[in-house]
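Morning, everyone. I'll take you through one structure in a few minutes. Please keep the sequence and the 3D view open while I talk.

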Amino acid sequence: RAKELGGHGYQFYQPSMNQRNTELLQIESYLYNALHNNEFELYYQPQINIISKTIIGMEALIRWNHPQLGRVAPNNFIPIAEQTGLICPIGEWVIEEACQQNQIWHDLGYTDLKIAVNISARQFQQKNLVYTIANILKKTNLSPKFLEAEITESSIIQNPDLAKKILDQLSNLGVLVAMDDFGTGYSSLGYLKKFPFGKIKIDQSFVRELKNKKEDLAIISAVVTLGKGMNLQVVAEGIENDEQLKLLVDLNCRQMQGYYFSKPMNAKDATSFLQKGIDY
Ligand code: C2E
Ligand code: MG
Ligand code: MG
Ligand code: MG
């Protein structure tokens, strides 16, 4: 099917100009069968509380292993999944797989561990999202308080009234709602006031050059204070080195996530990580 849509013959007639388009079409056509062919896998990246030195949760991050394309990065196929609507069944699979895995970890004795899943804008506009999540929680026997839903403000922008309803329902269900990529959008502060967020994830762009940028230090410090004042958890993303870690500790940021602790891992390696524990 992919060959028909954009095989080599097509590329021959439209050399470089349409190569990108061809690639997109190919990804799209392969994406239709990916779920059915079991080509998705969840990876897990730990979230650390640096003060209590505990692993408080795992963020589930989808991976797509295609026999021809190889490993396709989420940033290269999630937008296509959004446009085609495929994100809904894929997203449902993600939530169920993640809840199931967290229940396995709970059964192994990690009874406080949270699992965070990313919910994209299109998925969010689905009327039955909360119903679906409630059913998955029942089916997997996971308590709602161990599930976190990460959304970005793009989920709110298109239809704030609907978003408000869904977020209220999710939070009434007991699911923690986290604002992902905080600080990169337009009106994040207003949203924190109007919507029932329980957690802020400081975008990795503020952590990246922390060492040289007074501005980033000031921003993170302000967000930590904001979180305290609004009774929100704050987690910093993208910690890659010791220096960033130390600066963040000085800024009173307790929750962290990044390559410094671990890259996202498959379920087996994530389980080993839990078993080893941490000591920084
Ligand atoms: P995100 O939710 O903001 O996830 C963080 C991304 O940063 C992940 O990339 C993670 O691997 C990467 N990362 C973590 N620590 C570090 C670090 O120290 N340094 C650097 N440079 N990167 C770090 P990934 O897995 O490629 O995912 C990219 C984006 O794709 C995610 O951003 C999320 O928006 C989306 N995504 C991933 N999985 C899913 C999913 O299951 N459903 C939906 N709807 N979106 C997903
Ligand atoms: Mg995320
Ligand atoms: Mg993020
Ligand atoms: Mg992101």
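**How far to trust the model**

Let's start at the beginning of the chain. Over residues 1–12, pLDDT stays under 50, and the model has 14 contacts beyond four places in sequence for them. This is a predicted model, remember. Where pLDDT is low, the predicted coordinates should not be read in detail. So, on that general rule, we leave the fine detail of such a stretch alone.

What about the protein overall? Its mean pLDDT is 92. Of its residues, 94% reach 70 or more. For the complex, the predictor gives an ipTM of 0.98 and a pTM of 0.93.

**The magnesium site**

Now find the magnesium ion, ligand 2. Which protein residues are its donors? They are Glu59, Asn118, Glu150 and Asp180. Glu59 and Glu150 each use OE, Asn118 uses OD1, and Asp180 uses OD. These donors lie 2.0 to 2.2 Å from the ion. Along the chain, their spacing reads E-x58-N-x31-E-x29-D.

Asn118 and Asp180 link distant parts of the chain. Asn118 sits in strand E4, residues 114–118. Asp180 sits in strand E6, residues 176–182. That puts the pair 62 residues apart.

Are these two buried or exposed? Asp180 has a relative accessibility of 8%, so it counts as buried. Asn118 is partly exposed, because its relative accessible area is 29%.

There is also a magnesium ion listed as ligand 3. How far apart are ligand 2 and ligand 3? The two ions are 4.3 Å apart. Asp180 coordinates both.

**The largest pocket**

Stay with those residues. The largest pocket holds about 1,000 Å³ of space. It is lined by 38 residues. Closest to its centre are Leu61, Pro74, Asn75, Asn118 and Asp180. So two names return here, because Asn118 and Asp180 are also donors of ligand 2. Several elements give two or more residues to this lining, among them strand E2 (54–66), helix H4 (74–84), H5 and E6.

**Helix H5 and the cavity**

H5 deserves its own look. It runs over residues 87–107, which is 21 residues. From first C-alpha to last, helix H5 reaches 30 Å, close to the 30 Å expected at 1.5 Å a residue. After H5 comes Gly109, with a positive phi near 115 degrees.

H5 also lines a cavity. How many cavities of 30 Å³ or more are there? The count is 1. The largest cavity has a volume of about 30 Å³. Cys88, Gly91, Glu92 and Ile95 are among the residues that line it, and so are Gln123, Gln126, Leu129 and Thr132. H5 and helix H7 (129–140) each give two or more residues to that lining. The largest share, 4 residues, comes from H5.

**Two asparagines to check**

Last stop: backbone angles. Most residues other than glycine have a negative phi. Asn231 has a positive one, near 60 degrees. Asn252 has a positive one too, near 70 degrees.

Where do they sit? Asn231 is in the loop between helix H12 (214–230) and strand E8 (233–237). Asn252 is in the loop between helix H13 (242–250) and strand E9 (255–257). Asn231 counts as exposed, because its relative accessibility is 70%. Asn252 is exposed as well, with a relative accessible area of 56%.

That's my tour. Over to you for questions.

Conventions:
Residues numbered from 1 in each chain as written. Chains lettered and ligands numbered in written order. Predicted model: local features only at pLDDT ≥ 70, side-chain atom pairs only at ≥ 80, totals over all residues. Heavy atoms only, no water. Donors = N, O, S within 2.8 Å, 3.2 Å for Na, K, Ca; no water. Buried < 20%, exposed > 50% of the residue type's maximum accessible area, 1.4 Å probe, protein only. Expected span 1.5 Å × (residues − 1). pLDDT = per-residue confidence, 0-100. Contact = heavy atoms within 4.5 Å. 1 Å grid on protein atoms, 1.4 Å probe; cavity = no way out; pocket = protein on both sides within 12 Å on 5 of 7 lines; lining within 4 Å. Points joined across faces, edges and corners; volume = space filled by probe spheres on them.
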